[in-house]
Amino acid sequence: MKLKKFFFLTFLFLTVIFIWNENGNLTSKASTKPSSIGTFPKAMRGHWYATDGKVSYYIGKKLLYYKNGKYSYKSYLHNLNQQKQHPIGVGSLYKKNPTIDWLYAYKIKAHALNWINALVWNSGAGDGTFYNFSKHNDHQVLSSAYGVGIWGTEHYYRSFKLAKQFMHKRYPHYSYYED
């Protein structure tokens with residue numbers, strides 16, 4: 001009788017420890033989840049220029065406009081609460097699809113920098129494009145990077161003149177194509 005009670009209490013103790021440990025893991029995982037954004041930060045908004053004069057960005061409150069020579073596209077930032085009506089990764093590039101030019105974005109921290117990861121709503125896979133706003137040499141800099149490793153960083157400046165002046169500048173914590 002005492003042996004059964006001992007095994008029962010041991011089993012109960014181990015079950016409680018197991019459940020307590022799992023709840024602790026869930027709490028820590030939830031706290032590291034990236035937070036989605038509904039608008040682009042004010043510091044990132046405005047016109048940005050690359051060193052070649054052909055590539056530029058315009059970022060508005062919910063608008064991302066990219067231009068590279070004759071090629072350009074506009075995308076609009078949407079909240080993730082709309083995914084019940086329009087599921088992410090579902091749909092096509094059909095022009096009448098309302099989500100064809102939609103983006104969603106998350107804030108993340110990587111390589112000791114804060115990034116915004118912007119993803120196309122209809123993409124079924126991919127890592128998106130990462131954007132970082134910072135100040136270097138007392139100038140505002142918009143940086144973009146790609147891929148799971150957040151590499152291939154390119155920098156954009158508030159004027160073409162600044163972009164040309166700093167075209168060979170490399171900043172710490174960024175991963176460039178040459179690396």
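This dialogue concerns how to read the folding pattern, strand pairing, aromatic contacts and pockets of a predicted model.

Colleague: Where should one begin: how many helices and strands does the secondary structure of the chain come to?

Modeller: The model is a predicted one, and its chain holds 2 helices and 10 strands. Along the sequence, the elements follow the pattern α-β-β-β-β-β-β-β-β-β-β-α. The chain has 179 residues, of which 33% count as buried.

Colleague: How does one read the pairing of strands, and which strands does strand 6 pair with?

Modeller: One looks at the sense in which two strands run and at the bridges that join them. Strand 6 pairs with strand 1 (residues 35–37) in the antiparallel sense, over 3 bridges. Within strand 6, A105 stands opposite I37. Strand 5 and strand 6 run parallel and are joined by 2 bridges; here Y76 has W102 of strand 6 as its bridge partner. Strand 6 and strand 7 run antiparallel, with 8 bridges between them. I108, for example, has W115 in strand 7 as its bridge partner.

Colleague: What does the hairpin of strand 6 and strand 7 have between the strands?

Modeller: There are 2 residues between the strands of that hairpin, and H111 takes a positive phi near 55° there.

Colleague: Which residues other than glycine have a positive phi elsewhere, and where are they found?

Modeller: I150 has a phi near 50°, a positive value in a residue other than glycine. The loop between strand 9 (139–146) and strand 10 contains I150. Because its relative accessibility is 4%, under the 20% limit for burial, I150 counts as buried. H173 is another such residue, with a positive phi near 75°, and H173 is placed in the segment after helix 2 (160–165).

Colleague: Turning to glycine, is G69 buried or partly exposed, and where does it lie?

Modeller: G69 lies in the loop between strand 4 (63–68) and strand 5. Its relative accessibility is 29%, so G69 counts as partly exposed. The C-alpha atoms of G69 and K54 are separated by 5.0 Å, although these residues are 15 apart along the chain.

Colleague: What describes a pair of aromatic rings?

Modeller: A pair is described by how far apart the centres are and by the angle of the planes. The structure holds 14 aromatic pairs. One of them joins Y66 and Y71, which are edge-to-face at 6.5 Å centre to centre, with 65° between the planes. Y66 is buried, with a relative accessible area of 14%.

Colleague: Why is the pair of Y104 and W121 edge-to-face?

Modeller: The ring centres of Y104 and W121 are 5.8 Å apart and the planes stand at 85°, so the pair is edge-to-face; the angle need only be over 60 degrees. This pair links distant parts of the chain, 17 residues apart: Y104 belongs to strand 6, and W121 to the loop between strand 7 and strand 8. Both Y104 and W121 are buried.

Colleague: Which residues form an aromatic cluster, and where does a charge lie over a ring?

Modeller: Y57, Y66, Y71, Y73, Y131 and Y156 form one aromatic cluster. As for the charge, R170 lies over the face of Y176, 4.5 Å from the ring centre.

Colleague: What shows where empty space is left, and what is the volume of the largest pocket?

Modeller: A probe the size of a water molecule, rolled over the atoms, shows where empty space is left. The largest pocket has a volume of about 290 Å³. It is lined by 18 residues, and T51, T153, E154, H155 and M167 are the closest to its centre. Strand 10 (residues 151–157) gives the largest share of this lining, 5 residues. By residue type, the lining of the largest pocket divides into 10 nonpolar, 3 polar and 5 charged.

Colleague: Which residues and strands line the second largest pocket?

Modeller: The second largest pocket has a volume of about 210 Å³. Among its 14 lining residues, Y73, S75, L103, V120 and T129 are the closest to its centre. At least two lining residues come from each of strand 5 (71–77), strand 6 (102–110), strand 7 (113–120) and strand 8 (129–136). The lining of the second largest pocket comprises 9 nonpolar, 3 polar and 2 charged residues.

Technical notes: Residues are numbered from 1 along each chain as its sequence is written. This is a predicted model: local features need pLDDT of at least 70, side-chain atom pairs count only at pLDDT 80 or more; totals for chains, interfaces and linings use all residues. Side-chain values use heavy atoms; hydrogens and water are left out. On a 1 Å grid over the protein atoms alone, a cavity is a set of points where a 1.4 Å probe fits but cannot get out, and a pocket is an open set with protein on both sides within 12 Å along at least five of seven lines; lining residues have an atom within 4 Å of a point. Grid points are joined across faces, edges and corners, and a volume is the space filled by probe spheres set on the points. Helices (H or I, at least four residues) and strands (E, at least two) are DSSP runs, numbered from the N terminus. Ala, Val, Leu, Ile, Met, Phe, Trp, Tyr, Cys and Pro count as nonpolar, Asp, Glu, Lys and Arg as charged, and the others, Gly among them, as polar. Rings of Phe, Tyr and Trp (its six-membered ring) pair if their centres lie within 6.5 Å; planes under 30 degrees apart count as stacked, over 60 as edge-to-face and the rest as tilted. Buried means under 20% relative accessible area, exposed over 50%, partly exposed in between (1.4 Å probe, protein chains only). A charge sits over a ring if NZ of Lys or CZ of Arg is within 6 Å of the ring centre and within 35 degrees of the ring normal. Two strands pair if DSSP finds at least two bridges between them.
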